[in-house]
Amino acid sequence: MKYLVLFVVLAVAIGIWRSRRAPDDAAPKPSPPSPRALPQDMLACAHCGVHIPQAEAVMLGNQAYCSTEHRQLGPA
């Protein structure tokens with residue numbers, strides 16, 4: 001019987017402790033989106049016409065290419 005009373009007192013104490021905690025401790029803050037997750041402009045390769053993200057394009061002047069080989073070959 002004394003273990004049952006001890007268990008109830010312990011359960012009530014834990015319940016009170018959990019209810020008084022700040023809610024920020026329980027929920028982690030969301031991280032900002034990575035740069036890859038943000039929308040990017042798509043550019044067409046001047047040689048083959050394949051569309052690639054601006055961050056991955058190989059630029060020569062104002063023309064975009066999908067690879068260094070196509071940049072060396074020039075516009076089609």
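**Figure 1. His-70 sits in helix 3, which covers residues 68–73.** The view comes from a predicted model. His-70 is buried, at a relative accessible area of 19%. The cut-off for burial is under 20%. Four residues touch His-70 once those up to four places away in sequence are set aside: Cys-45, His-47, Cys-48 and Tyr-65. Both cysteines of the next view, Cys-45 and Cys-48, are thus among the contacts of His-70.

**Figure 2. Cys-45 and Cys-48 without a disulfide.** The structure has zero disulfides. Cys-45 takes part in none, and its nearest cysteine sulfur belongs to Cys-48, 3.7 Å away. Cys-48 is likewise in no disulfide, with the sulfur of Cys-45 as its nearest cysteine sulfur at 3.7 Å. A disulfide requires the two sulfur atoms to lie within 2.5 Å, so this pair does not qualify. The two residues can also be viewed by exposure. Cys-45 counts as buried, with 5% relative accessibility. Cys-48 is partly exposed, and its relative accessible area is 38%. Cys-45 and Cys-48 both touch His-70 in helix 3.

**Figure 3. Val-50 in the loop between strand 1 and strand 2.** Strand 1 spans 42–44 and strand 2 spans 51–53. Val-50 is partly exposed, at 43% relative accessibility. Beyond its neighbours up to four places away in sequence, Val-50 touches Leu-43, Ala-44 and Cys-45. Cys-45 is the buried cysteine of Figure 2. Cys-66 provides a second reference point for this loop residue. Val-50 and Cys-66 stand 16 residues apart in sequence, and their C-alpha atoms are 7.1 Å apart in space.

**Figure 4. Pro-75 in the segment after helix 3.** Pro-75 contacts Ala-46, His-47, Gln-63 and Tyr-65, leaving aside neighbours within four places in sequence. Two of these residues, His-47 and Tyr-65, also touch His-70. A distance to Ala-64 helps to place the segment. The C-alpha atoms of Pro-75 and Ala-64 are separated by 9.5 Å, and the two residues are 11 apart along the chain.

**Figure 5. Gln-72 on helix 3.** Gln-72 is exposed, with a relative accessible area of 65%. His-70, in the same helix, is buried at 19%. Gln-72 and Leu-60 are 12 residues apart in sequence. From C-alpha to C-alpha, Gln-72 and Leu-60 are 9.6 Å apart in space.

**Figure 6. Helix 1, residues 2–20.** Helix 1 has 19 residues. From its first C-alpha to its last it reaches 27 Å, close to the 27 Å expected at 1.5 Å a residue. The number of buried residues among its 19 is zero, so helix 1 lies largely in the open. Val-8 belongs to helix 1. Val-8 counts as partly exposed, with 45% relative accessibility.

**Figure 7. A nonpolar patch on the surface, with Val-8 among its members.** The patch is formed by Met-1, Leu-4, Val-5, Phe-7, Val-8, Val-9, Val-12 and Ile-16. Together these residues have about 830 Å² of accessible area. Val-8 ties this view to Figure 6, as a residue of helix 1.

**Figure 8. The whole protein, for orientation.** The predicted model has three helices and four strands. Starting at the N terminus, the elements run α-α-β-β-β-β-α. Of the 76 residues, 11% count as buried. Cys-45 is one buried residue, and His-70 is another. The protein exposes about 6600 Å², of which carbon and sulfur atoms supply 62%. Among contacts with a separation of 6 or more, residues 24 or more positions apart account for 13%.

Conventions:
Residues numbered from 1 in each chain as written. Predicted model: local features only at pLDDT ≥ 70, side-chain atom pairs only at ≥ 80, totals over all residues. Heavy atoms only, no water. Buried < 20%, exposed > 50% of the residue type's maximum accessible area, 1.4 Å probe, protein only. Helix = DSSP H or I, 4+ residues; strand = E, 2+ residues; numbered from the N terminus. Expected span 1.5 Å × (residues − 1). Contact = heavy atoms within 4.5 Å. Areas by Shrake-Rupley, 256 points an atom, 1.4 Å probe, with all protein chains shown as cover. Patch = residues over 30% accessible without salt bridge, like charges linked within 9 Å, V, L, I, M, F, W, Y side chains within 5 Å. Salt bridge = Lys/Arg side-chain N within 4 Å of Asp/Glu carboxyl O.
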